[in-house]
Amino acid sequence: MCITQITQNKKQYLSLLLLADEQEDMIDRYLEKGTMFVLDDDGVKAECVVTDEGNGVLEIKNIATDPESQGKGYGKKLLDFVAQTYCDRFSVLQVGTGDSPLTIPFYEKCGFKRHHIVKDFFTTNYDHPIFEAGVQLVDMIYLQKPLAVKKQIGEFTLLHNELSAEQFIELWQSVGWGEDPSLEQTRLAMEHTLFRVSVFHKDKIIAMARLIGDMGLDYYIKDVIVRPEYQKKGIGSLLINELLQFINDNGISGTDIFVELCAMPDKIPFYQKFGFDSNEAQRLKMMHTVKNPSIALSGEPQ
Ligand SMILES: CC(C)(COP(=O)(O)OP(=O)(O)OC[C@H]1O[C@@H](n2cnc3c(N)ncnc32)[C@H](O)[C@@H]1OP(=O)(O)O)[C@@H](O)C(=O)NCCC(=O)NCCS
């Protein structure tokens with residue numbers, strides 16, 4: 001499978017473009033200025049067009065999967081590709097669509113949330129009524145997804161909030177922590193995560209950590225995993241520093257941050273380096289109290 005940018009003769013994909021936007025002169029409004037990508041997997045399966053809307057917003061103007069290949073993950077792959085390709089230049093990925101059960105659930109599955117509405121967009125801009133799933137489209141619903149922060153640290157790439165359930169399970173399996181969590185359980189856990197960090201080496205996911213909790217209540221650091229072959233290289237410290245930096249940047253203070261070590265007392269010295277104290281009553285739960293927003297970030301390689 002490969003995703004390629006198309007710079008010439010974009011109209012050769014008109015039949016796909018029309019699946020997402022059925023009036024050709026509306027497509028003409030953005031096709032030339034837009035950047036087009038095509039996903040090929042033993043034949044062209046999907047396309048998308050994105051435009052720079054200013055203020056750090058990148059907009060998906062058109063996305064379509066060939067009808068026979070829908071529901072196989074190609075649409076999501078294109079959105080993930082765009083998110084990862086542009087996250088160092090844009091802060092938000094946006095899409096506008098009709099209020100249709102054929103599209104909104106797809107974007108929500110891909111991490112977008114409803115943001116704003118442009119009233120009567122379809123009835124004003126299109127020369128004929130547009131129906132989807134038997135319902136006339138009237139307003140344009142805009143959905144947005146914040147793009148990950150991407151940092152290059154030596155040969156490692158670090159991403160904020162892009163860890164997927166599938167990547168989580170892959171890392172979980174790499175350290176053999178027992179029975180694998182189900183995909184459904186993991187997706188739910190990801191939704192209830194305040195902040196996720198993942199680390200990549202040459203496109204391979206090699207480490208992750210996440211923070212859960214609510215503003216003002218306790219916070220928990222969970223699922224800190226570095227692939228065995230990448231341990232003892234400072235990546236664990238990178239993860240904890242990134243979580244503490246998030247806490248610092250968000251002005252979280254006067255609260256407790258816990259890390260539960262389950263049956264791994266050998267990890268206590270690692271967390272002690274970051275100012276965590278072991279709780280004697282429950283030796284395997286360590287606590288880091290944030291007394292003021294400026295945490296001294298330190299730490300040596302794991
Ligand atoms: C919308 C569209 C691009 C989705 O592409 P796709 O390749 O079929 O989507 P994927 O297979 O990648 O779906 C990703 C996830 O969204 C879910 N999803 C997709 N369409 C859905 C729908 N209508 N209702 C509920 N969930 C949906 C999938 O089940 C999948 O969930 P999973 O990760 O839990 O398995 C495709 O249906 C399409 O081309 N439609 C016609 C053109 C169009 O309307 N474009 C959008 C214009 S705004």
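**Exercise 1. The shell around the ligand**

Which helices and which strand each supply at least two residues of the shell around the ligand? Work this out on the model, which is a predicted one, and then describe the make-up of the shell.

*Solution.* Begin with the residues themselves: the ligand is surrounded by 19 residues, and the closest are Thr65, Gln70, Gly75, Lys76 and Pro105. Next, assign the shell to secondary structure, where helix H1 (14-20), strand E4 (57-65), helix H3 (74-86) and helix H4 (104-109) are each found to supply at least two residues. Finally, sort the shell by residue class, which gives nine nonpolar, seven polar and three charged residues.

**Exercise 2. Overall layout**

Describe the dimensions of the protein, its secondary structure and its division into domains.

*Solution.* The C-alpha trace spans about 70 × 40 × 35 Å along its principal axes, and the protein has nine helices and 17 strands. The chain is divided into domain 1 (2-146) and domain 2 (150-290), and the C-alpha centres of these two domains lie 34 Å apart. Turning to burial and contacts, 30% of the 302 residues count as buried, while 60% of the contacts with a separation of 6 or more are made by residues 24 or more positions apart.

**Exercise 3. The largest nonpolar core**

Determine where the largest nonpolar core lies relative to the two domains, and examine one of its residues with the most contacts.

*Solution.* As background, nonpolar side chains in soluble globular proteins tend to be buried together. In this model the largest nonpolar core has 65 residues, and those with the most contacts inside it are Leu78, Ala207, Met208, Leu239 and Leu243. Helix H8 (residues 235-249) gives the most to this core, contributing seven residues. Because domain 1 (2-146) and domain 2 (150-290) both give residues to the core, it lies between them. Taking Leu239 as the example, and leaving aside its neighbours within four places in sequence, one finds Leu239 in contact with Val197, Ala207, Ala209 and Val224.

**Exercise 4. Strands E2, E3 and E4**

Trace the pairing from E2 through E3 to E4, and then place Gly34 beside these strands.

*Solution.* Strand E3 (residues 44-52) is joined to E2 by six bridges, and the two run antiparallel; within this pairing, Val38 has Glu47 of E3 as its bridge partner. The E2 and E3 hairpin has three residues between its strands, and Asp42 in the turn has a positive phi of about 60°. E3 also pairs with E4 in the antiparallel sense, over seven bridges, with Thr51 standing opposite Glu59 in E4. The hairpin of E3 and E4 has four residues between the strands, and here Gly54 takes a positive phi near 85°.

Gly34 is found in the loop between helix H2 (24-28) and strand E2 (35-40). Apart from residues up to four places away in sequence, Gly34 touches Val49, Val50, Thr51 and Lys61. Gly34 and Leu58 are 24 residues apart in sequence, yet their C-alpha atoms are 10 Å apart in space. Since Gly34 has 18 C-beta neighbours inside 10 Å, it counts as partly exposed.

**Exercise 5. Strands E10, E11 and E12**

Follow Phe156 through its two strand pairings.

*Solution.* Strand E10 (residues 150-153) and strand E11 (residues 156-160) pair in the antiparallel sense over four bridges, and in E11 the bridge partner of Ile153 is Phe156. E10 and E11 form a hairpin with two residues between them, and Gly154 in the turn has a positive phi of about 60°. E11 is further joined by five bridges to strand E12 (residues 195-201), again running antiparallel, and in this second pairing Phe156 stands opposite His201.

**Exercise 6. Two aspartates with positive phi**

Are Asp120 and Asp203 buried or exposed, and in which loops do they lie?

*Solution.* Asp120, a residue other than glycine, has a positive phi near 55° and lies in the loop between strand E6 (113-118) and helix H5 (121-125). With 11 other C-beta atoms within 10 Å, Asp120 is exposed, the cut-off for that class being 12 or fewer. Asp203 likewise has a positive phi, near 70°, and its place is in the loop between E12 and strand E13 (204-213). Asp203 has 7 other C-beta atoms within 10 Å, and therefore it is exposed.

Conventions:
Residues are numbered from 1 along each chain as its sequence is written. This is a predicted model: local features need pLDDT of at least 70, side-chain atom pairs count only at pLDDT 80 or more; totals for chains, interfaces and linings use all residues. A nonpolar core is a set of buried Ala, Val, Leu, Ile, Met, Phe, Trp, Tyr and Cys residues joined through C-beta atoms within 7 Å. A residue is buried if 20 or more other C-beta atoms lie within 10 Å of its own, exposed if 12 or fewer, and partly exposed in between; C-beta atoms are placed from the backbone. Domain bounds come from an automatic or database domain assignment. Two residues are in contact if their C-beta atoms, placed from the backbone, lie within 7 Å. A residue is near a molecule or strand if its C-beta atom, placed from the backbone, lies within 6 Å of it. Ala, Val, Leu, Ile, Met, Phe, Trp, Tyr, Cys and Pro count as nonpolar, Asp, Glu, Lys and Arg as charged, and the others, Gly among them, as polar. Two strands pair if DSSP finds at least two bridges between them.
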